[in-house]
Amino acid sequence: MIAEVIVDVAAHPIDRPFDYAVPEELQVLVEPGMRVKVPFGPRKVLGFITALKDTSDFDVSRLKPIHELMDVVPVLNEELLAMAKWMKKQTVCFEIDALQVMIPSALRAKYEKRFVLNAPLEELPEPLQPYFDKRPSVRSQDAVEVYGLLKKELERGTVVADTDISQQTAVKKARMIHITDSLEKLESIEIRSNAKQQVKLMAFFKNHLGKAIESSVLQKEAGTTLPTIYSLAEKGAAEIHNEELYRDPKLLSDIEKKPNLQLTEAQQAAYDAIDAALNTPKTFLLHGITGSGKTEIYLQTIEETLKAGKEAIMLVPEISLTPQMTLRFKERFGDLVAVLHSGLSAGEKYDEWRKIQRAEVKVVVGARSAIFAPFRNLGLIILDEEHESSYKQDDSPRYHARDMAIWRSEYHNCPVILGSATPSLESYARAQKGVYELLVLEKRAKNQPLPTVHIVDMREELRNGNRSMFSVPLAEAIRERLDRKEQTVLFLNKRGYSSFVLCRDCGTVMQCPNCDISLTYHRSSELMKCHYCGYDEPVPHTCPECESEHIRFFGTGTQKVEEELAKLVPEARVLRMDVDTTRNKGAHEKILAAFGEGKADILLGTQMIAKGLDFPNITLVGVLSADTTLHLPDFRAAEKTYQLLTQVSGRAGRDKLPGTVFVQSYTPDHYAITLAKDQLYEPFFEQEMAMRRASGYPPYYYVVNVQFTHEDLMTVAGYADQSVRFLQSQLSQSTLIIGPSASLIARVNNRYRYQCLIKYKKEPKLADVMQQLIKIYRSEWIKKGATLSIDMNPTSVM
DNA sequence: AGCACGCCGACT
DNA sequence: GTCGGCGTGCTC
């Protein structure tokens, strides 16, 4: 028996299956999808079995045997193995990367070099002996001081090198105390009256008959110690076992089950359409304005799916994956729900994943990578906020969760729901063409009116002599809310406001010496940091160029606004939410909870407050500058601005009190701003489509971004130029190739970056041509220290 | 990617 | 003479 193995080496020449002999004793056990340890050249690596067969094109007598089987149950099933192959083609990535992204990070291998003793200890030179006298091997990193000696011994053969392959986390085991369920038995046990500890514990036992409690929890709750527990256990009051345990971040027991809500007519219509298609691989685009009750439709269609004995995946953007959000699912589906999000430790994620693999849960709620949940009988996939760019992974494998969802829906014959208040142009265009079925919710579920949006022309403010960040009408509105004890949310677009140091005499902005980007001022550490390469230096007192002392610190965007706000309304209680104040685990939730409880009048924040903020007392939303996203050099700038404004406006007036929104802008007539005012999606779509058609961008054209990096500017420019010429010769006439040109950030970590953009409508040879380009790169440029990265359908081209 | 092999310069 | 620099080529 022969196994095809994809080994854990991400490099072009290795990116294909290697054949290995399956040892006799493993033949009954092996299955595709299991991980194996295999010899690969002079070392050992981890790999995935992708197929089993009886013959090989390779010389069978030279096949090496599998060294060790890492799993008893496959970690990937046939579906996911097939999906990885497709993903490799689709996204131009290594197959091993596609496989790795599908399993929890805890199962990914860690490699550690070791020196293993291969002769009697006495044969080693004296200084080496202490390293081996307790153990037969020593970790490479623990023996740095004696590398020279070890090298000699390696040559003599008294010591051999080896790689230790381990995974990060294993199954968690715990000591569980099972209290007997028989009160009689407990009462029959005699305890000496001076054994006070035991008496106390016995009382606890009597109150918790038949329960199983983890030993450490029991010790805390009952105020006892392990020996006491053991003494009672010996008398028959309890049994003690070591058991596998899930690291359950939260106990579900206190969550109250909640019934379905009554659907509105529009919701019902959408629900019926999906319900009728539960066994077809159809994609729906659910276009519902903010607050139109999309989630209730999700919940009820999931319920139908479960009734049919199938499973469901619910994807949400990472930032909306808040406790309130997941609570709604747990209220409906109880412990049939697994939640996967970045706040979990690797071990916790692994446990949630195991629940899915063992079919103990039926619903997964999670961010992007939850699309790989190893369900076998998938009945429904939902992507909420489908336009979010976080559904696309921005490093290899550069996959889009939407594409993966549609692939799985075809495999399982089940529908996909793409939900959004502001669909991506791609999806809406597909819905118009009939590729997706469009479902529309035009009204808010509780029939609240949309908030009133005022656009404030900041040029006018400036002309009237107002140079602050707050326009007169916004400032007035804020004061009004303070008087009425209502809440305000102020939204600051972080980009464009990042904090830098500027010399007011010569205009110098401090730059990173390794990257073409300005350094960011970090107040907490008093350092200037580069966000691209990690470089830092102390904050200067004088300008490094002209030695002037007139240097100005532009504080973090939100910090600066906070200071101005304090001048404007000194009496207001302000909560600030940005990367600085949410760095600690749980800080995000704490700030939101505090705001929800009315502990502050104003919440000031960046992107992260645009989503999921749902408090009845918010009646005012201020967007301090709508322009910052609008003028980014990216074809999606208008789309992103429209989405953001709609999203942010949706935070106001979600309950009984009507909401008001102020959008400040220097370009108040731009269609992305005027049309977002009344959430006129269709007209926005039409207008933006016209722009895209004129400039040849998605959805009219597909885009591929090819980026090159090299230490030397001329070299990388040369390679980019050769590539463009090669691509032009291979691709069809109608395909446009833009560039090569320097990337927006032309240098990162002392490497110059060049890119070109391929825009095409139909290009059947594209995958082949990209492979050929990789071949050229492999045979010539890679040796010279260049890198090449290919991004199919990038979300942004900056 | 990582590791071994192999061929040339500067040291004991 | 040997140690060690990194170019080249292979990995079932």
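## A tour from the sheet to the DNA and the rings

Begin by selecting Lys37, which stands opposite Leu46 in E4. The model you have open is a predicted one, and this first stop belongs to a pairing that is worth colouring as a unit: strand E3, residues 35-40, runs alongside strand E4, residues 43-53, in the antiparallel sense, with 6 bridges between the two.

Next, widen the selection to the sheet itself, in which 5 strands are arranged in the order E2-E1-E4-E3-E5, with antiparallel pairing, to give an open sheet. The edges are taken by strand E2 (18-21) and strand E5 (68-69), and each of these has a single partner strand, so one side of each is left without a neighbour in the sheet. Strands of a sheet are held as pairs through backbone hydrogen bonds, either parallel or antiparallel.

Keep E2 and E3 highlighted and now show DNA strand C, since E2 and E3 each supply at least two residues of the surface near that strand. The largest share of this surface, 3 residues, comes from E2. In total 13 residues surround DNA strand C, and the closest are Arg16, Asp19, Pro39, Gly41 and Lys64; by type, the residues of this surface divide into 8 nonpolar, 1 polar and 4 charged.

Three of these contacts can be visited one by one. At Asp19, a backbone N or O atom lies 2.8 Å from a sugar or linking oxygen of DNA strand C. At Pro39, a polar backbone atom is 3.1 Å from a phosphate oxygen of DNA strand C, while at Lys64 an N or O atom of the side chain is 2.2 Å from a phosphate oxygen of DNA strand C. Turning to the DNA side, 48% of the atoms of DNA strand C within 4 Å of the protein belong to sugar or phosphate, and the rest belong to bases.

Then move along the chain to the aromatic rings, where the count comes to 16 aromatic pairs. One of them is Trp407 with Tyr411, a stacked pair at 5.6 Å centre to centre, with 20° between the planes. Both residues lie in helix H13 (residues 401-412), 4 residues apart, which is about one turn of the helix. Trp407 is buried, with a relative accessible area of 16%, whereas Tyr411 is partly exposed at 43%.

For a larger group, select Tyr428, Tyr642, Tyr671, Tyr681, Phe684 and Phe685 together, as these form one aromatic cluster.

Finish with two lysines placed over rings: the charged end of Lys759 sits over the ring of Tyr697, 3.9 Å from its centre, and Lys761 lies over the face of Tyr701, at 5.2 Å from the ring centre.

Conventions: Residues are numbered from 1 along each chain as its sequence is written. Chains are lettered from A and ligands numbered from 1 in the order in which they are written. This is a predicted model: local features need pLDDT of at least 70, side-chain atom pairs count only at pLDDT 80 or more; totals for chains, interfaces and linings use all residues. Side-chain values use heavy atoms; hydrogens and water are left out. Rings of Phe, Tyr and Trp (its six-membered ring) pair if their centres lie within 6.5 Å; planes under 30 degrees apart count as stacked, over 60 as edge-to-face and the rest as tilted. Buried means under 20% relative accessible area, exposed over 50%, partly exposed in between (1.4 Å probe, protein chains only). A charge sits over a ring if NZ of Lys or CZ of Arg is within 6 Å of the ring centre and within 35 degrees of the ring normal. Two strands pair if DSSP finds at least two bridges between them. A residue is near a molecule or strand if one of its heavy atoms lies within 4 Å of it. A polar contact is a pair of N or O atoms within 3.5 Å; within protein, one must be able to donate a hydrogen and the other to accept it, and residues adjacent in sequence count only if both atoms are side-chain atoms. Ala, Val, Leu, Ile, Met, Phe, Trp, Tyr, Cys and Pro count as nonpolar, Asp, Glu, Lys and Arg as charged, and the others, Gly among them, as polar.
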